Amino acid sequence: MESLLSQFTLLSDQALLDKNFDPSTIEDLMKLFEVEAYKSWAAMELEYHHESQDAEIALQEAEDQLESAMEAAMDEFRRFEEEMERVANTELNSLVSTAEGARMMGNLMEKAATIASKRYIEAALSSATASMKSAWKGISSNRVHPS
């Protein structure tokens with residue numbers, strides 16, 4: 001393009017100095033400018049096409065990497081969720097076992113308290129019966145009990 005410009009400058013100077021200058025020479029040079037402009041345009045269009053393809057390839061690679069990262073994150077989340085569920089189930093089973101043990105202990109303590117209270121009542125009743133018999137004997141024998 002620079003050589004065309006310098007040639008145009010020479011022809012312009014020649015046109016100013018030479019009265020017999022043929023204007024078709026400048027027209028031929030202008031056609032060369034047009035051809036050079038089309039070549040530049042075609043080269044830029046080709047470069048744009050290559051850059052566009054490179055950008056599409058880079059975008060596809062980025063999408064693939066993002067998808068891979070998302071899949072890895074989801075896999076990790078699923079493993080975490082499964083681990084948390086396993087830990088929760090273990091803890092639940094432990095709590096259920098502890099609660100069942102406490103319930104059984106409560107039932108045993110209730111039975112022991114019931115048996116103890118029945119025995120206490122039986123002992124109190126036996127003691128009262130013995131006291132009454134002793135008192136009855138004392139009344140029958142005309143003796144008064146010292147208490």
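**Salt bridges and a nonpolar patch in a predicted model**

Author: The side chains of Arg78 and Asp75 meet in a salt bridge, 3.0 Å from N to O. The model is predicted, so local features need pLDDT of at least 70 and side-chain atom pairs count only at pLDDT 80 or more, while totals for chains, interfaces and linings use all residues. Residues are numbered from 1 along each chain as its sequence is written, and side-chain values use heavy atoms, leaving out hydrogens and water.

Reader: Why is the contact between Arg78 and Asp75 called a salt bridge?

Author: The term asks for a side-chain nitrogen of Lys or Arg within 4 Å of a carboxyl oxygen of Asp or Glu. Arg78 and Asp75 sit at 3.0 Å, N to O, so the pair fits the definition.

Reader: How do you know that Arg78 and Asp75 are separated by about one helical turn?

Author: They're 3 residues apart in helix α2, which is why. A helix here is a DSSP run (H or I, at least four residues), numbered from the N terminus.

Reader: What makes Met74 buried, exposed or partly exposed?

Author: Buried means under 20% relative accessible area, exposed over 50%, and partly exposed in between, with a 1.4 Å probe and protein chains only. Met74 comes out at 36%, so it counts as partly exposed.

Reader: Which residues form a nonpolar patch with Met74 on the surface?

Author: Phe77, Phe80, Met84 and Val87 join Met74, with about 450 Å² of accessible area together. Patch residues have over 30% relative accessible area and no salt bridge, and nonpolar side chains (Val, Leu, Ile, Met, Phe, Trp, Tyr) are joined within 5 Å, like charges within 9 Å.

Conventions: Accessible areas come from the Shrake-Rupley method with a 1.4 Å probe; for residues, only the protein chains shown count as cover. Helices (H or I, at least four residues) and strands (E, at least two) are DSSP runs, numbered from the N terminus.
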